[in-house]
Amino acid sequence: MNVLLIGSGGREHALAWKLAASPILQTLYCAPGNPGIAREAVCVDLDIDDHAAVVDFCKDKEISLVVVGPEAPLVSGIADDLKTAGIPVFGPTAAAAQLEGSKGFTKDLCDRFGIPTGAYMRFNNAPKAKAYIHATGAPIVVKADGLAAGKGVTVAHTVEEASAAVEDCFEGAFGEAGAEVVVEEFLEGEEASFFCLCDGESALPLTTAQDHKAVGEGDTGPNTGGMGAYSPAPVMTDAMIERTRDGIIRPTLKGMAEMGAPFTGVLYAGLMITSDGPKLIEYNVRFGDPECQVLMMRLKDDLLLLLKAATDGMLWTTSARWRDEAALCVVMASKGYPGSYAKGSSIRNLQEAQAADDVEIFHAGTATRDGEIVADGGRVLGVTALGRTVGQAQRKAYEAVDAIEWEDGFCRRDIGWRAIGRNG
């Protein structure tokens with residue numbers, strides 16, 4: 001099979017790394033890719049926003065499957081255009097991708113089909129949103145409705161902080177994503193990520209993970225796209241997984257089908273495990289980043305066969321097996337992230353850092369300059385390790401982090417602290 005992978009981040013590097021191991025793969029292409037992905041795939045200079053150009057490329061290279069990594073192309077309808085051209089694609093249609101493209105859409109879906117989530121209201125202007133916040137009180141959560149690269153969410157501990165977040169949205173801090181705002185109940189509990197492959201009717205649960213959104217240690221400071229992750233998540237017991245499947249995933253698939261937008265692809269449920277059980281925080285319609293890195297490290301089966309089964313509507317014929325070891329990913333980011341940061345600083349010693357067994361360094365925001373790797377984004381590297389426990393995986397990951405020479409980089413030093421506190 002010839003496969004085209006779309007994207008250029010750490011998630012896509014992890015997918016490329018796993019896809020490249022498939023015995024049924026002939027050639028793996030990636031558009032646009034990054035220096036790390038270039039070790040696994042043929043990177044092509046293809047404008048992924050030009051859907052016609054993507055279709056032409058697929059026809060020219062006899063692509064058997066397109067795997068879409070990031071959410072933006074899915075929300076803009078790339079899967080629709082590929083399917084219209086007769087090209088198999090792993091990823092939802094634009095209508096189904098609204099599960100991530102509009103937080104208000106997802107909250108309305110939950111309300112309609114009885115899916116447990118926090119109470120909410122939708123607003124298209126600041127005065128009404130702020131009036132609701134003053135009447136409800138804090139803590140409270142303010143979200144830009146659309147795609148904001150993981151940065152459009154404010155967990156406000158005061159009314160003033162929530163009101164400021166509303167102003168940021170409507171004053172354009174998140175572009176068109178903030179044209180509407182969802183204000184929702186603050187949920188108490190522990191977060192977890194739950195992933196399923198879906199073929200429109202059935203869902204194949206994958207393993208669990210937990211990520212660290214906040215930039216600061218102890219899960220403090222502003223939210224980011226993710227500063228690290230680990231798998232499995234101890235909070236997701238077998239009983240909690242069953243409750244999530246029955247109460248959240250299955251009603252979602254049934255509801256989307258009833259609405260004429262059956263969901264095919266990865267359904268990523270961001271959960272809050274409360275005293276009342278799992279509640280949905282939000283959906284993503286692609287693999288998480290950096291959760292994908294830890295999932296791919298633990299997956300024992302052929303990823304390409306699994307994605308093909310989902311695309312062909314044949315998930316009921318397959319299953320997924322996972323390594324017993326835990327996996328942990330530490331994100332190294334440019335100093336200043338998630339605010340402003342500089343690009344172009346040199347990163348050295350990567351080969352030596354990943355020389356240890358069961359350590360992989362996935363590239364996210366990197367580029368090459370004069371033959372060396374340089375930083376080219378906010379989140380730059382995902383240093384990922386396997387271990388018998390989360391604690392051992394953490395030690396191995398930080399040993400690799402410490403071997404990397406990058407003066408302008410930083411990372412959190414406590415990734416996995418909840419699991420280690422619980423199980424070691």
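1. Strands, as the word is used here, are DSSP runs of E with at least two residues, numbered from the N terminus. In this predicted model, Asn2 has its place in one such run, strand β1, which covers residues 2-7.

2. The surroundings of Asn2 deserve a careful look, beginning with its exposure. Asn2 has a relative accessible area of 10%, and because buried means under 20%, this residue counts as buried. Leaving aside the neighbours within four places in sequence, the residues in contact with Asn2 include Gln26 and Thr27 on the one hand, and Lys61, Glu62, Ile63, Ser64 and Leu65 on the other.

3. Two of these partners also appear when polar atoms are considered. The side chain of Asn2 reaches the backbone oxygen of Lys61 at 3.0 Å, while a polar atom of that same Asn2 side chain lies 3.3 Å from the backbone nitrogen of Thr27.

4. A second residue to examine is Lys143, which lies in strand β7, made up of residues 140-144. Is Lys143 buried or exposed? With a relative accessibility of 3%, Lys143 counts as buried, since the cut-off for that class is under 20%.

5. What does the side chain of Lys143 join in a polar contact? The partner is the side chain of Glu184, and the distance of this polar contact is 3.2 Å. Glu184 is also among the residues in contact with Lys143 once neighbours within four places in sequence are left aside, and the others are Lys103, Gly152, Val153, Glu180, Val181, Val182, Ile281 and Glu282.

6. Turning to the chain as a whole, its secondary structure comes to 14 helices and 23 strands. Among contacts with a separation of 6 or more, 68% are accounted for by residues 24 or more positions apart.

7. On overall dimensions, the chain has a radius of gyration of 20 Å, which agrees with the value near 22 Å that a compact globule of 424 residues would have. Taken along the principal axes, the box filled by the C-alpha atoms is roughly 55 × 50 × 40 Å.

8. As for burial and surface, buried residues make up 58% of the 424 residues in the chain. The accessible surface comes to about 16600 Å², and carbon and sulfur atoms hold 48% of that surface.

9. Finally, the charged side chains of the chain number 38 positive and 59 negative, and the centres of these two sets lie 4 Å apart.

Terms used:
Residues are numbered from 1 along each chain as its sequence is written. This is a predicted model: local features need pLDDT of at least 70, side-chain atom pairs count only at pLDDT 80 or more; totals for chains, interfaces and linings use all residues. Side-chain values use heavy atoms; hydrogens and water are left out. Helices (H or I, at least four residues) and strands (E, at least two) are DSSP runs, numbered from the N terminus. The radius of gyration is taken over C-alpha atoms; the globule rule is 2.2 Å times the number of residues to the power 0.38. Buried means under 20% relative accessible area, exposed over 50%, partly exposed in between (1.4 Å probe, protein chains only). Contact means heavy atoms within 4.5 Å. Accessible areas come from the Shrake-Rupley method with a 1.4 Å probe; for residues, only the protein chains shown count as cover. Lys and Arg count as positive and Asp and Glu as negative; His and the chain ends are not counted. The place of a charge is taken as NZ of Lys, CZ of Arg, CG of Asp or CD of Glu. A polar contact is a pair of N or O atoms within 3.5 Å; within protein, one must be able to donate a hydrogen and the other to accept it, and residues adjacent in sequence count only if both atoms are side-chain atoms.
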